[in-house]
Amino acid sequence: MEDKQTGIFLTQKLQHYFSIPVWCFSCKKYISSELKSPSPYLCSICYQKLPFAEKALCPKCGLKHSLISCRSTWATDITQFNAIFNYQEPISGWISNLKYFRNLFAGKILQQLIANWFSQHQLMLETIDVLLPVPLHSTRLHWRSFNQAVYLLKKQQQLPVSSNILKRIRKTPHQAGLSKENRNQNMENAFRVKKSLNKTSVLFFDDVCTTGTTIGELCQVLKAAGVENIHVLTLARVI
């Protein structure tokens, strides 16, 4: 009996020590009780330094401008645009490490930050029928072995995720490094809805919004499929 109680005690202690990291992923310092933050992977000091997006941004394109109405043609069909962060360090580096170097621990930090956003916006999300991650072409999916948009949504529990509605039907070069005109041409007819979409309100998610070309193309496809309200969420917005 004593051995059993000792075993239970040791198990509980191990679960306590290994349930959350005790070292900040960013500054590598010990996370004491005084330095805990909403993210179990970051100390409060590093968490407060994250480049959270401003709240007073254009609800169409996610940028800060003084125009009465947004003139971004790609954003015409968007009901509400949201970005969690500006595309700056350390967020930009963690996204790149996940996508191109398979740094899944950086991915877990981003997963948690996204889950926090969903928890904080439950009232808004009550009007959404389904959450759609931006799809990868099958070739790129095979090379990368995972779709980062799907992976990043795994910890949120507010909305059902459907990764079998949208399909990327044309393999396109990376958008990075292309001019605005070439980005537009690159994404033309790149997506389609591959199954019946009887949804009036959707939220689609992408990791980064740069010029909005990908988002604009997806909006056209969703509108053609009969979607009334298109909400957009990106982990990071290039400003």
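**Exercise 1.** How far is the sulfur of Cys 58 from the closest cysteine sulfur, and which residue holds that one?

*Solution.* Keep in mind that this is a predicted model.
- Start with the distance: the closest cysteine sulfur belongs to Cys 61, 3.8 Å from that of Cys 58.
- Now apply the cut-off, which asks for two cysteine sulfurs within 2.5 Å. The Cys 58 pair is too far apart for a bond.
- Try Cys 46 next: its nearest cysteine sulfur is that of Cys 43, 3.7 Å away, and Cys 46 is in no disulfide.
- Tally up: the count is zero disulfides.

**Exercise 2.** Are Cys 46 and Cys 58 buried or exposed?

*Solution.* The cut-off for buried is under 20% relative accessible area.
- Cys 46 comes out at 12%, so it is buried.
- Cys 58 has 10%, so it counts as buried too.
- For context, 45% of the chain's 239 residues are buried.

**Exercise 3.** Work out which strands of the four-stranded sheet stand at its edges.

*Solution.*
- Write down the order: β1-β6-β5-β2, an open sheet with parallel pairing.
- Read off the ends: β1 (80-86) and β2 (130-133) each have a single partner strand, so one side of each lacks a neighbour in the sheet.
- Check the twist: neighbouring strands are turned by 20° against each other on average, ignoring direction.
- Look at β1's partner: six bridges join β1 to β6 (residues 229-237), with Gln 80 opposite His 231.
- Finally, add the helix: α9 (residues 213-224) lies across β1, β2, β5 and β6, at about 165° to β5.

Conventions
Residues numbered from 1 in each chain as written. Predicted model: local features only at pLDDT ≥ 70, side-chain atom pairs only at ≥ 80, totals over all residues. Heavy atoms only, no water. Buried < 20%, exposed > 50% of the residue type's maximum accessible area, 1.4 Å probe, protein only. Pairing = 2+ DSSP bridges. Helix = DSSP H or I, 4+ residues; strand = E, 2+ residues; numbered from the N terminus. Axes fitted to C-alpha atoms, helices over the stretch in contact; angles between N-to-C directions. Contact = heavy atoms within 4.5 Å.
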